[in-house]
Amino acid sequence: MDLDVFVTTHRAEWDRLDALLGRQRRLTGAEADELVSLYQRTATHLSLIQSSAPDPQLTGRLSQLVARARSAVTGTRRASWRDVTRFLTHGFPSAVYRSRRWWVPTALLSILVSVLLGWWIGTHPDVQATIAAPNELRELTRPGGQYETYYSSHPAASFAAQVWTNNAWAAALCLILGVFLGLPVLWLLFQNMLNLGVGFGLMSSVGRLDTFLGLVLPHGLLELTAVFVAAGTGLRLGWTVVDPGPRSRRTALAEEGRAAIGMAIGLALVLFVSGAIEGFVTPSGLPTWARIGIGVVAELTFLAYVFVLGGRAARAGETGDVEAAERSATVPTAA
């Protein structure tokens, strides 16, 4: 494409669109129709220039012009409680549900890896010796040792806040780093499973596996599920880079990326609940069965939320992406 000829041909349309957008008075019906038509044509022009003869200065000018025109055509919109309600009842659960084919296998495989690591560590004293000195291992695993006092070593509120921050950051990293073909996600997931496997193995080696599970399960069921959802979604985002399907790679990444951002917000809320359980329930004086029961109820509630509410929303066409009116307009890339 001859860029100079193209600019000469369409400059008058761009200038007219700029003039209409600069009007201080209310547009007439004919002018409003003209603005919409010019907006659509200018958006197509921008797409053609970006794909055929990218020029930074011209692209910047037309991008600003298209953005202003789109705002004028669609109007500005403020977030409301309706948006929050829709996100919690449709967007987030449907996004988690749609990713189930990624995060459910991720969860099962991760738990298997953690159990195998725990078995290996618990049955091999030489491996335990590489983790810490014998006296340090005794201090970790003895009754009233560090594994037990860890959950009550700080005030419940500050401990819950710290746990929530750390877990939310780990989940966000899984979602963000997924775009790098999912490789960083696999490493983060392995580190989490290794930490769990070490505790599992060391406590089982001294016959205190029941104590360990009584401390981990109340908050760990929901917490690990959130981590698995984040990891599975990150892996799905990484696979989108490899195989975007019928969509263009740019469109696919935009759609999946927006859904992943929403997922990060939703998972932060889920991890807030698990952090509260870890801060207030896990170190409490409740019987072990009661603490585990609270964790099981929280986990089952989340799964019902995803598979019942999220499944219904997904079957109704909800994808977890922003509403159509909030997405960037798609225009032809060739005449």
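Start your tour by selecting T282, which sits in the loop between α12 and α13. Keep in mind along the way that you are looking at a predicted model.

**Stop 1: T282 and its neighbours**

With T282 selected, is this residue buried or exposed? T282 is buried, because its relative accessibility is 2% and the cut-off for buried is under 20%. Now show the side chain of H219 as well: a polar contact of 3.0 Å joins it to the side chain of T282. To see what else surrounds T282, add Y151, L215, P218, I277 and R291, which T282 also touches when residues up to four places away in sequence are not counted.

**Stop 2: the largest nonpolar core**

Next, select F92, V96, M263, L267 and F302. In the largest nonpolar core, which has 32 residues, these five touch the most other members. Where do the core residues come from? At least two residues each are supplied by α4 (81-98), α5 (100-122), α9 (156-177), α10, α11, α12 (249-281) and α13 (288-315). Helix α11 gives the largest share, nine residues. In soluble globular proteins, nonpolar side chains tend to be buried together.

Zoom in on M263 for a closer look. Which residues is M263 in contact with, once its neighbours within four places in sequence are left aside? They are F92, A95, V96, S99, L175, V229 and T233. Two of these names, F92 and V96, should be familiar from the list you have just selected.

There is another core to visit, lying apart from the largest one. It has 18 residues, and you can find it by selecting W14, L21, L38 and L58, which are among its members.

**Stop 3: along helix α11**

Go back to helix α11 and select T240, which lies within it. T240 counts as buried, since its relative accessibility is 5%. Leaving aside neighbours within four places in sequence, T240 is in contact with R249, A252, L253 and E256.

Now select V242, also placed in helix α11. V242 is partly exposed, with a relative accessible area of 45%. Which surface feature does V242 help to make? Add W102, L181, L183, L186 and W239 to your selection: together with V242 they make a nonpolar surface patch of about 600 Å². The elements giving two or more residues to this patch are α10 (183-205) and α11 (209-242).

**Stop 4: three salt bridges**

How many salt bridges does a search of the whole structure find? The search finds eight, and three of them are described here.

- Select R68 and D18. Their closest N and O atoms are 2.9 Å apart in a salt bridge. Because R68 is in helix α3 (residues 56-74) and D18 is in helix α1, the pair ties together parts that are 50 residues apart in sequence. R68 is partly exposed at 39% relative accessible area, and D18 is partly exposed at 34%.
- Select R86 and E318. These side chains meet in a salt bridge of 2.8 Å, N to O. R86 lies in helix α4 and E318 in the segment after α13, so parts that are 232 residues apart in sequence are tied together by the pair. R86 is partly exposed, with a relative accessible area of 31%, whereas E318 is buried, with 12%.
- Select E148 and R208. The closest N and O atoms of this salt bridge are 2.3 Å apart. E148 belongs to helix α8 (residues 146-149) and R208 to the loop between α10 and α11, so the pair ties together parts that are 60 residues apart in sequence. E148 is partly exposed, with a relative accessible area of 24%, but R208 counts as buried at 14%.

**Last stop: R23**

Finish by selecting R23, found in the loop between α1 (3-21) and α2 (29-52). R23 is partly exposed, with a relative accessible area of 29%. Leaving aside neighbours within four places in sequence, R23 is in contact with R16 and E31. Now use your viewer's distance tool between the C-alpha atoms of R23 and G118. How far are these atoms separated? They are separated by 70 Å, and the two residues are 95 residues apart along the chain.

Methods
Residues are numbered from 1 along each chain as its sequence is written. This is a predicted model: local features need pLDDT of at least 70, side-chain atom pairs count only at pLDDT 80 or more; totals for chains, interfaces and linings use all residues. Side-chain values use heavy atoms; hydrogens and water are left out. Patches are made of residues with over 30% relative accessible area and no salt bridge: like charges are joined within 9 Å, nonpolar side chains (Val, Leu, Ile, Met, Phe, Trp, Tyr) within 5 Å. Accessible areas come from the Shrake-Rupley method with a 1.4 Å probe; for residues, only the protein chains shown count as cover. A salt bridge is a side-chain nitrogen of Lys or Arg within 4 Å of a carboxyl oxygen of Asp or Glu. Helices (H or I, at least four residues) and strands (E, at least two) are DSSP runs, numbered from the N terminus. Buried means under 20% relative accessible area, exposed over 50%, partly exposed in between (1.4 Å probe, protein chains only). A nonpolar core is a set of buried Ala, Val, Leu, Ile, Met, Phe, Trp, Tyr and Cys residues joined through side-chain atoms within 4.5 Å. Contact means heavy atoms within 4.5 Å. A polar contact is a pair of N or O atoms within 3.5 Å; within protein, one must be able to donate a hydrogen and the other to accept it, and residues adjacent in sequence count only if both atoms are side-chain atoms.
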